There are 4 protein chains.
Amino acid sequence: MTRRSGGKRERLTDAAARVLHEQGVEKTTLADIARAADVPVGNVYYYFKTKDDLVEAAIGTHGDALRSTLAALDELPTPPDRLKGLVRGWVDQRELAARYGCPTGTLATELDKRADGLDRKIAAHMRALVDWAERQFDAMGRDDARELAVALIAAYQGISVLTNTFREPELMAVEGRRLQRWIDSL
Amino acid sequence: MTRRSGGKRERLTDAAARVLHEQGVEKTTLADIARAADVPVGNVYYYFKTKDDLVEAAIGTHGDALRSTLAALDELPTPPDRLKGLVRGWVDQRELAARYGCPTGTLATELDKRADGLDRKIAAHMRALVDWAERQFDAMGRDDARELAVALIAAYQGISVLTNTFREPELMAVEGRRLQRWIDSL
Amino acid sequence: MTRRSGGKRERLTDAAARVLHEQGVEKTTLADIARAADVPVGNVYYYFKTKDDLVEAAIGTHGDALRSTLAALDELPTPPDRLKGLVRGWVDQRELAARYGCPTGTLATELDKRADGLDRKIAAHMRALVDWAERQFDAMGRDDARELAVALIAAYQGISVLTNTFREPELMAVEGRRLQRWIDSL
Amino acid sequence: MTRRSGGKRERLTDAAARVLHEQGVEKTTLADIARAADVPVGNVYYYFKTKDDLVEAAIGTHGDALRSTLAALDELPTPPDRLKGLVRGWVDQRELAARYGCPTGTLATELDKRADGLDRKIAAHMRALVDWAERQFDAMGRDDARELAVALIAAYQGISVLTNTFREPELMAVEGRRLQRWIDSL
DNA sequence: AATGAATGAGATTTCATTCAT
DNA sequence: CATGAATGAAATCTCATTCAT
């Protein structure tokens, strides 16, 4: 709710969300984020008590983005439309995935090495995504909705890893087509 | 290849391979690795010029493990046997994956944030794996061998991410059965 | 002496006096004091140019308290009554002393490490206390009034240190009885 | 037991003991201590994991000094001799007390504001001193040995505070004579 | 007068790397 | 070859003080 003074807090979380995705949590310094947000380093601590607090806020930003993406998809008429819309979004982002991977996936992978609560925060977002997909498959009358949902999200996470590792956006496009056909076949 | 002095070099690379997988590259200090290998810190630099050199050696160790796994699978009679053997290996490692993810995948994800050559080293191992799978599908007479290979490895990487994020080894087991059926269906 | 604006200045000095006693000068931040006084941090500087100015005001508050204590004792009929009244006051405060020590003594001890004038301010209060005791002993006809006064105040400061160090309020009570007997014996 | 490389660790604890006494714990930076010991700041952390660890070591140094002082006094023939020897030592140190107070007392006063274990460490030294004095009074056949011991140490702590506050070493000398007479009178 | 926000200097701490023996 | 010790650059974090409104 704090929106005074040019939305500096928001600028910081946005910059953090982007930079942490690009550089990873451990490699990114507060100075990196402060610079990207054009805020003096010392000032960051006015808004966030620790670096982890800022990381948490950035995770929240990614979660917000995910939520609004899913909300937009919910406007589509049928469950298969929605699922295919999700896949289309992934394909649209393939250049970013090739360079930095899926934000949720790479953050989850990095944070899972730690035992603080941050890993649970990002896991919650991943779970929200799987849950959403499950609801779509369920609406399509599938008994194995959960398994299908896991398979879909896993397919995306997996191809993100390969797309990123091989720096080949085209891989995402190919897999996207495969997933579209698969959804249609259900 | 040097095997002098009580295999200290090997102890270091082995320890590095394990600890880097468990803790991640950035969170792991040289001291962590030295301790795990029971080698004095100062001594590490006799064997490795920099930390990155040691990371590279650890990547090599993971590559060796992968190569010998594939070599063992090559002993199996038919390509589907080999592919299903690969999947079985993944399922067998599901507890490790739940705790730390796939070594190759998590290392690739972390190193891809950097642009210093190490990311290309780990990418090479990932490529070797895809190539091997492609050869199997090719031997099965599939025209779309490359695409199938990518899909298989992506499925594994993806379920590794979810297994790790949710700390649920069972996800890997379920996906393993799905992949087995899929291979049989080809 | 300014009493405008809801006595904010007074609230600040009172809070400072208390918090500085409890936490010590160096460990206490301006924010701590502002919070305790329920005054916005930025506002403190309207009343006090620097942190040291506020510390000085807090010292003044302790001095005021001391002065009014002595003024009240001056109402008692005889010098021994007054001295024993002083001792009784110390014993009454023993729980506070056990937790945080004598305010004057602990502040003096901490400020004496500095050479910036504040140490002289607190020394003045300590001197006022010794002077008052000297006047009582003098009125009792003692030639060694100064020496006795120093001994009395030192006894209190010393037992405050021990009471605080050992967290044993009872020490103060025992020493109080000893001092009462001693005063009676003069 | 580590005594290599020019006893740098010892140099650090000695410097810390001195500088912390002179400047107080909170006002003293690691850089201050490192400079006094002629050791690079970064190197301090090779010997002490945190600043508090170094403070603890410095407290230990003060404790060692106290112990050896008492051990030397134990060589004196009679308990009164020993107690008066203790007092003589205090008087001999009066210039230091006038400038910085009693090391044990001022450290105890400052550390008692904190709730970590360091306050208990310094309290232990203070207790050792009281215990030693109690043993002497006990050996003199006094039933009230504990109370006398507390009174003696309190007298010293108290006069240290005044000597320091007023910057008057002579106060310690006067009180020393008073305590000598008092011991003789028992 | 009042105050949320801003700032920068400085403190603690970490760690890859180097050095002396 | 081996190794405990050393080093300095850089990162996180704190806080008195100032600023803009």
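**Close-up views of a four-chain predicted model**

**View 1. Chains that stay apart from chain D.** Chain A and chain D do not touch, their nearest C-alpha atoms being 20 Å apart, where contact means heavy atoms within 4.5 Å. Chain B and chain D likewise share no contact, and their closest C-alpha atoms lie 13 Å apart. This is a predicted model, in which local features need pLDDT of at least 70 and side-chain atom pairs count only at pLDDT 80 or more, whereas totals for chains, interfaces and linings use all residues. Residues are numbered from 1 along each chain as its sequence is written, chains are lettered from A in the order in which they are written, and side-chain values use heavy atoms, with hydrogens and water left out.

**View 2. The relation of chain D to chain C.** A turn of 179 degrees with a shift of 0.0 Å along the axis lays chain D on chain C with an RMSD of 0.1 Å (least-squares superposition on the C-alpha atoms of residues with pLDDT of at least 70 in both copies). The two copies are thus related as by a two-fold rotation axis. In chain D, the C-alpha nearest the axis belongs to D:Gly158, at 1.7 Å from it. The same surface serves both copies, since 100% of the contact residues of chain D recur in chain C.

**View 3. The extent of the interface between chain D and chain C.** In this interface, 40 residues of chain D are in contact with 40 residues of chain C. The buried area is about 3500 Å², of which carbon and sulfur atoms give 61%; this is the accessible area (1.4 Å probe) that the two parts lose on being put together, summed over both. D:Lys113, D:Thr165 and D:Phe166 supply 18% of the area that chain D buries against chain C, more than any other three residues.

**View 4. Salt bridges and polar contacts between chain D and chain C.** The count of salt bridges between the two chains is eight, each being a side-chain nitrogen of Lys or Arg within 4 Å of a carboxyl oxygen of Asp or Glu. One salt bridge joins D:Arg181 to C:Glu147, with the closest N and O atoms 3.8 Å apart. Twelve residue pairs, both residues at pLDDT 80 or more, are in polar contact across the interface (N or O atoms within 3.5 Å, where within protein one must be able to donate a hydrogen and the other to accept it, and residues adjacent in sequence count only if both atoms are side-chain atoms).
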